[in-house]
Amino acid sequence: MKCVCCRYLSFIIFHLSFSVLARAYLMKDLKELCRKNIWELSPYSSARNEYSGHVARVFLDANENPYNAPYNRYPDPLQQEVKTLVSKVKGVPVDNIFLGNGSDEAIDLPYRIFCRPGIDNVVAIEPTYGMYKVCADINDVEYRPVLLDEHFQITASKLLDACDDNTKIIWICSPNNPTGNNINREAIEEVLQKFNGIVIIDEAYSDFSNEKPMRAELRKHPNMIVLNTMSKAWGCAAIRLGMAFASKEIIDIFNKVKYPYNVNLLTQKQAIEALKDPFAVDKWVKILIQERSQLMSTFLELPICEKVYPSNANFFLAKMTDAQSIYDYLVEKGIIVRNRSRIQLCGNCLRITIGTKSENTELVGALRNY
C-alpha cells in the first residue's frame with residue numbers, strides 16, 4: 001500500500017499530465033489550422049538546397065555569373081550560420097528559428113499560412129503595432145481590435161470573447177508599441193492555454209525589459225510564435241533582419257512558404273558580425289535604460305507634459321498639453337518624435353525614442369524653450 005506522500009505525489013503528477021494533455025487537446029491540429037492549399041503546397045526547390053550535406057566546389061546549377069565573387073552567388077536560403085549564432089544568443093534550437101526580411105515578413109507569413117482570405121479573422125490588443133492590421137488588410141483578413149484598459153492592460157477573457165470559430169490568430173505585443181509597457185504575463189499565459197489557434201507574441205523590445213522572454217516557453221506552448229528583431233537592441237535596423245521562434249512544425253511551414261532567398265548575403269554577413277559581440281548590445285541596453293529613466297523623470301518636470309506612462313522598452317509615451325503643436329515645433333528644430341494622438345487611448349501623446357545622451361539633452365533643451 002502506498003504511503004500518503006506517494007499517493008499525493010501520484011495525484012499531482014496525474015493532474016499535471018492531464019493539464020498538459022488538456023492544453024494539447026485544446027489546440028487544433030496544425031493541419032486543421034493551416035489553409036488547405038498551404039498544407040498541400042510543394043515548395044520551390046532552390047539550387048542551394050538540393051546539394052545540402054555535400055561539399056561543392058564548382059557551381060553550374062543556378063545560372064549565376066561566375067565573376068564578381070562573392071556577390072555573384074545566391075545566399076544560403078536557410079541562413080544556417082546566422083541561425084547557429086542566434087541560437088547561442090537567444091537560447092533557442094536552430095530548428096525552432098525562422099529568419100525573415102525584417103519582422104514584417106514574419107508578421108505577414110502567418111496570415112498567408114493560417115488565414116483564409118475573406119473567411120478567417122484575427123484578434124489583437126489595441127492600441128498596438130500597426131503592421132498587424134496592415135497585413136490583415138492586405139491579406140483580406142478581418143482584424144478585430146480589443147481595447148486595452150486605462151493602464152494599457154488586457155484580460156484573457158476580453159481577448160477570448162472577441163474570438164469565434166474562424167479566429168486563427170491572436171496578436172499580443174509585449175512590451176507593447178506604442179504604450180511601452182509589458183502586457184501582464186498571467187493574461188498571456190491564460191490566452192495560450194485557452195485559445196485553440198495560434199498566439200503570436202511580438203517581443204521586439206524584450207531586451208529592454210526585465211521580464212523573462214516568452215521564447216523560453218516554446219516547449220510549453222506549441223501554439224505560440226514569438227517574434228524578435230535585430231532592429232532595436234542590436235542597432236541593426238538598416239539590415240532588415242527579423243526572427244520568429246516556434247515549434248519545428250510551424251517553422252517548417254514558414255520555410256515552405258517564404259521566398260527562396262529571403263535574406264540577402266549582405267544582411268547575413270552583417271548579422272554574423274553583430275551576433276559575435278553580444279556584450280556590446282548588453283552595454284547599449286544598460287545605457288539606454290539609464291537614459292530612459294533620466295529622460296522620463298525630466299519630462300515629468302516639464303510644464304507642457306501632463307503624464308509619462310511606465311515603459312519597458314527603448315521609448316516612452318508622454319501625454320502633452322498640445323501634442324500636435326509641440327510636434328510641429330520640434331520638427332522646425334530638426335528633432336523628430338512620433339505623434340500618436342490619433343491612436344485610441346493615446347490622445348495628445350508623443351512617443352519618444354531614447355537617443356544618445358546629447359540627443360536627449362537637445363530634445364529637453366528645445367522643450368524647455370517651447
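An open sheet of seven strands runs through this predicted model. The strand order is 1-7-6-5-4-2-3, and the pairing is mixed. Strand 1 (97-101) and strand 3 (142-147) stand at the edges. Each has a single partner strand, so one side of each is left without a neighbour in the sheet. From one strand to the next, the twist averages 25 degrees.

Look next at strand 6 (residues 224-229) and strand 7 (residues 241-245). They pair in the antiparallel sense over four bridges. Thr229 has Gly242, in strand 7, as its bridge partner.

Two helices that pack on the sheet come next. Helix 6 (residues 102-114) touches strands including strand 2 (121-126), strand 4 (167-173) and strand 5 (198-202). The direction of helix 6 makes about 110 degrees with that of strand 1. Helix 10 (residues 248-257) touches strand 1, strand 5, strand 6 and strand 7. Its direction makes about 30 degrees with that of strand 1.

Now turn to the nonpolar interior. The largest nonpolar core holds 78 residues. Leu159, Met230, Phe299, Phe316, Leu330 and Leu363 touch the most other members. Helix 12 (residues 278-300) gives the most to this core, with six residues. Leaving aside residues up to four places away in sequence, Phe299 touches Cys305, Val308, Phe316, Ala318, Met320, Ile352, Leu363 and Leu367. A second, separate core has 34 residues, among them Val122, Ala124, Tyr132 and Ile200.

Finally, consider Glu190, in helix 9 (residues 185-194). Its relative accessible area is 29%, so Glu190 counts as partly exposed. The side chain of Glu190 makes a polar contact with the side chain of Lys194, at 2.8 Å. Glu190 and Ile289 are 99 residues apart in sequence and 30 Å apart in space, C-alpha to C-alpha.

Note on methods:
Residues are numbered from 1 along each chain as its sequence is written. This is a predicted model: local features need pLDDT of at least 70, side-chain atom pairs count only at pLDDT 80 or more; totals for chains, interfaces and linings use all residues. Side-chain values use heavy atoms; hydrogens and water are left out. A nonpolar core is a set of buried Ala, Val, Leu, Ile, Met, Phe, Trp, Tyr and Cys residues joined through side-chain atoms within 4.5 Å. Buried means under 20% relative accessible area, exposed over 50%, partly exposed in between (1.4 Å probe, protein chains only). Contact means heavy atoms within 4.5 Å. A polar contact is a pair of N or O atoms within 3.5 Å; within protein, one must be able to donate a hydrogen and the other to accept it, and residues adjacent in sequence count only if both atoms are side-chain atoms. Two strands pair if DSSP finds at least two bridges between them. Axes are lines fitted to C-alpha atoms, for helices over the stretch in contact, and angles run from 0 to 180 degrees between N-to-C directions.
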